[in-house]
Amino acid sequence: MAGENVPTREALRRDLCRILPEDQVLTADEDLTGYRNDASWFKGQPDAVVLPTSTEEVKKCLAYAYSHDIPIIPRGSGTGLSGGVVPLRGGIVFDLGRMNKIIEIDTKNLTATVQPGVITGELHRAVEKLGLFYPPDPATLTVCTIGGNVATRAGGPRGVKYGTTKDYVLGLEAVVPPGEVIRAGGRTVKFSAGYEIGRLFVGSEGTLGIITEIILKLIPLPPAKKTMLVSFATIEAAAETVVEIISRAIVPTTLEIMDKKTLQAVQAFRDVGYPTDVEGLLIIEVDGSERQVAEDMEVVERVCREMGAIEIKVAKDQKEADALWTGRRSMMAAFAHMRPTLLSEDVTVPRSKVPAMVKAIREISAKYNIELGLGGHVGDGNMHPNFLLDKRNREEFARAEKVMAEVAQAAVDMGGVVSGEHGIGIAKAEYLRWQCGDLMLHYMREIKKVFDPKGLMNPGKIWWEQSALGTPGQGSTEEGGSHGTGPVN
């Protein structure tokens, strides 16, 4: 709990400026505004923001905050959708954006060592120039950071074939309370020496410590790829086709679904050549050798025609393929132009359950009369129903929260998970118990206590607390608090 030795705002700035240069410490209200929220609808209020440039600076600032019982909130680009970097109880936000160096690309060991503030898309470009490949590709890859990806186990369209961020973390460095630096894993492919502590930090959402360096696995860049758009008369037919493709032992690089509402929204936002008169669309990409790509494309096209595809359009070159992906990555921005509030759900089910999950999502949203646009990485069972709302309409927002809860429960009932790649943060905290059960939550809490006995690392995240959060999306999460109220975890 926050103690009596918590400094005033003025004293906090004075103390932090003894640790960092003044331009790396923000305490003025106008400078803190941009740190109140992420891309979700939750808001808080930080007491200060620090912009460290090295592990040593992170260590010193964390040690100071912990000794004064001040909450500590690590932050990347703030593109998260679950409220994971919202300063619910005030405290110090650690903006890691200036720790943005690609330290090394090791072509002999096929690894990249990076600081947490490296932009994901910039790492892609750097390794691809050397004929290497880092597959994880979140939709916000042009702005999101590797540190944020690791903290949330971020995914992306290529997760179908290549897995997600968690599958590429070989090792990491982190600063943990009360101000110690730990290193776990390394450049070796195999690791069988005690507990794999580094894995605990992958998906920990800043609740254990601050990740300051990451060693990532790289693979050879596939020499060829092809991208196609496949149109269907119904969204159900598109969903069934996903299951059929996977059952033929073909694993595309990407296998994305979009419904009519999504196609129309994207085309209105940015003309990328999507059809707007079909009910369901798949974007399918395959990669590998020229021969393998040709063989896989032949099988995929045959399956799509067997499943009743209306039209199959293959991108004629990389420029056309890039345009198709630009449309997919613009989905959320397109929806944001339609209504004041966008709630993007994130659930994953076994791939065989994709058609059932599509049906459940549509039925639940219709039951509560909530406008919906459906998209997702269905090749790995991950779906993103996007609910179009105005949170100022409290009655509508309350109905949307019921939809989100029922969609999450439906995913669990189908053997799936309440979050495939966005993380738990605040938005999914109430649902985690359905996923894990009380015993697993108990063990998670006990692990946190080992690393963070005071509960100051990103308080209020992952575990839902009625007294602290109220109803998700309402109450204290809208206005935040000060660190004097103490942490939640």
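Start by selecting strand β12 and strand β14 (residues 280-288): nine bridges join the two, and they run antiparallel. Keep in mind as you go that this is a predicted model.

**Stop 1: around β12**

To see one rung of that pairing, click on M228; its bridge partner in β14 is I284. Strands in a sheet are held in pairs through backbone hydrogen bonds, and the pairing can be parallel or antiparallel.

Now add strand β15 (residues 311-314) to your selection. Four bridges connect it to β12, and these two strands also run antiparallel. Here the residue to click is V230, whose bridge partner in β15 is I312.

Is β12 mostly covered or mostly open? Show the surface and look at residues 224-232. The strand is mostly covered, with seven of its nine residues buried.

**Stop 2: two helices that cross**

Next, select helix α8 (residues 235-247) together with helix α10 (residues 290-306). Their axes lie 10 Å apart, and the helices pack at an angle of about 140°. Because of that angle, α8 counts as oblique to α10. Turn the view until one helix lies in front of the other: α8 passes α10 in a right-handed crossing.

Which residues of α8 and α10 meet? On the α8 side, show T241, E244 and I245; on the α10 side, show V300, V303 and C304. Sorted by class, this contact has four nonpolar residues, one polar and one charged.

**Stop 3: a five-stranded sheet**

Move on to another group of strands and colour them in this order: β5-β6-β10-β8-β9. These five strands form an open sheet with antiparallel pairing. Which strands stand at the edges? They are β5 (102-106) and β9 (180-185); each has a single partner strand, so one side of each is left without a neighbour in the sheet. Look along the sheet to see how the strands are turned: on average, neighbours make 10° with each other, direction ignored.

Zoom in on strand β6 (residues 111-114) and strand β10 (residues 210-217), which pair in the antiparallel sense over four bridges. Click on T111, and you will find K217 of β10 standing opposite.

For the last selection, add helix α4 (residues 120-128). This helix packs on the sheet and touches β5, β6 and β10. Compare its direction with that of β5: the two make about 35°.

While the strands are still on screen, switch on their side chains. In a regular strand, side chains alternate between the two faces of the sheet.

Notes:
Residues are numbered from 1 along each chain as its sequence is written. This is a predicted model: local features need pLDDT of at least 70, side-chain atom pairs count only at pLDDT 80 or more; totals for chains, interfaces and linings use all residues. Side-chain values use heavy atoms; hydrogens and water are left out. Buried means under 20% relative accessible area, exposed over 50%, partly exposed in between (1.4 Å probe, protein chains only). Two strands pair if DSSP finds at least two bridges between them. Axes are lines fitted to C-alpha atoms, for helices over the stretch in contact, and angles run from 0 to 180 degrees between N-to-C directions. Angles under 35 degrees count as roughly parallel, over 145 as roughly antiparallel, 65 to 115 as roughly perpendicular and the rest as oblique. A crossing is left-handed if the near helix is turned anticlockwise from the far one by less than a right angle, and right-handed if clockwise. Contact means heavy atoms within 4.5 Å. Ala, Val, Leu, Ile, Met, Phe, Trp, Tyr, Cys and Pro count as nonpolar, Asp, Glu, Lys and Arg as charged, and the others, Gly among them, as polar.
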